[in-house]
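Visitor: I have a structure to explore and some questions to ask. Can you guide me through it?
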Amino acid sequence: MNNEEEMLYRATVLKNQSEQLENTIQSANEQIKELEELNSTLSLIKNGEKQVLNPIGKGIYLKANIENDELFVNVGSNVVVKKTIPEGKKMIEEQTSKLRKASLEISMQLEQYAMEFQHMLKELNKIKEEQ
């Protein structure tokens, strides 16, 4: 494989990796949005709201009456624990913070890939000019 073919191969790999990272960022942003909506709903309940629209799937909601402010949280392996609204909000804020941090780190990696790609383009142009 000559130098030009090698650079084209690396550019293709870089493009594929960049697309995967962009998909990961998009997924993280969607999760952040969902968590922010959940946090907003918990704030309404904490402030005395007695009815909420509860999503049951695929854009379908059910009006629900709030009897108390106990939350039941799946903490993994189908283990459910009772939490207060402040505890739930804190948990959501921690998850949101982790997702934002991960998204920022991935964005920095994408920038690095973009710089590497620009460098490869310059090198390819040099090779073409020399031919």
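Visitor: Over how many bridges do S3 and strand S4 pair?
Guide: This is a predicted model. S4 covers residues 80–83. S3 and S4 pair in the antiparallel sense, and the count is 4 bridges.

Visitor: Which residue in S4 stands opposite Phe72?
Guide: Phe72 belongs to strand S3, residues 71–74. Its partner is in S4. The residue opposite Phe72 is Lys82.

Visitor: Which residue in the turn of the S3 and S4 hairpin has a positive phi?
Guide: The hairpin has 5 residues between its strands. One residue in that turn has a positive phi of about 115°. That residue is Gly76.

Visitor: Which side chains of strand S3 point to one face and are buried?
Guide: In a regular strand the side chains alternate between the two faces of the sheet. Strand S3 shows this alternation. Phe72 and Asn74 point to one face and are not buried. The buried ones, on the other face, are Leu71 and Val73.

Visitor: What phi does Lys58 take in the hairpin of S1 and S2?
Guide: Strand S1 spans residues 51–57 and strand S2 spans residues 60–65. They pair in the antiparallel sense over 6 bridges. Their hairpin has 2 residues between the strands. There, Lys58 takes a positive phi near 50°.

Visitor: Which residue in S2 stands opposite Asn54?
Guide: S1 and S2 pair in the antiparallel sense. Opposite Asn54, in S2, stands Leu62.

Visitor: Are H1 and H2 roughly parallel or roughly antiparallel to each other?
Guide: Helix H1 holds residues 3–46, and helix H2 holds residues 85–130. Their axes come within 8 Å and cross at roughly 160°. Angles over 145 degrees count as roughly antiparallel. So H1 and H2 are roughly antiparallel.

Visitor: How many nonpolar residues does the contact of H1 with H2 have?
Guide: The crossing of H1 and H2 is left-handed. By class, their contact has 14 polar and 11 charged residues. The nonpolar residues number 22.

Visitor: Does Thr96 count as buried or exposed?
Guide: Thr96 lies in helix H2. Thr96 touches Ile32 and Leu35, leaving aside residues up to four places away in sequence. Its relative accessibility is 9%. The cut-off for buried is under 20%, so Thr96 counts as buried.

Visitor: What separates the C-alpha atoms of Lys15 and Leu99?
Guide: Lys15 is found in helix H1. At 48% relative accessibility, Lys15 counts as partly exposed. Lys15 and Leu99 are 84 residues apart along the chain. Their C-alpha atoms are separated by 23 Å.

Technical notes: Residues numbered from 1 in each chain as written. Predicted model: local features only at pLDDT ≥ 70, side-chain atom pairs only at ≥ 80, totals over all residues. Heavy atoms only, no water. Axes fitted to C-alpha atoms, helices over the stretch in contact; angles between N-to-C directions. Parallel < 35°, antiparallel > 145°, perpendicular 65-115°, else oblique. Left-handed = near helix turned anticlockwise from the far one by under 90°. Nonpolar A, V, L, I, M, F, W, Y, C, P; charged D, E, K, R; others polar. Buried < 20%, exposed > 50% of the residue type's maximum accessible area, 1.4 Å probe, protein only. Contact = heavy atoms within 4.5 Å. Pairing = 2+ DSSP bridges.
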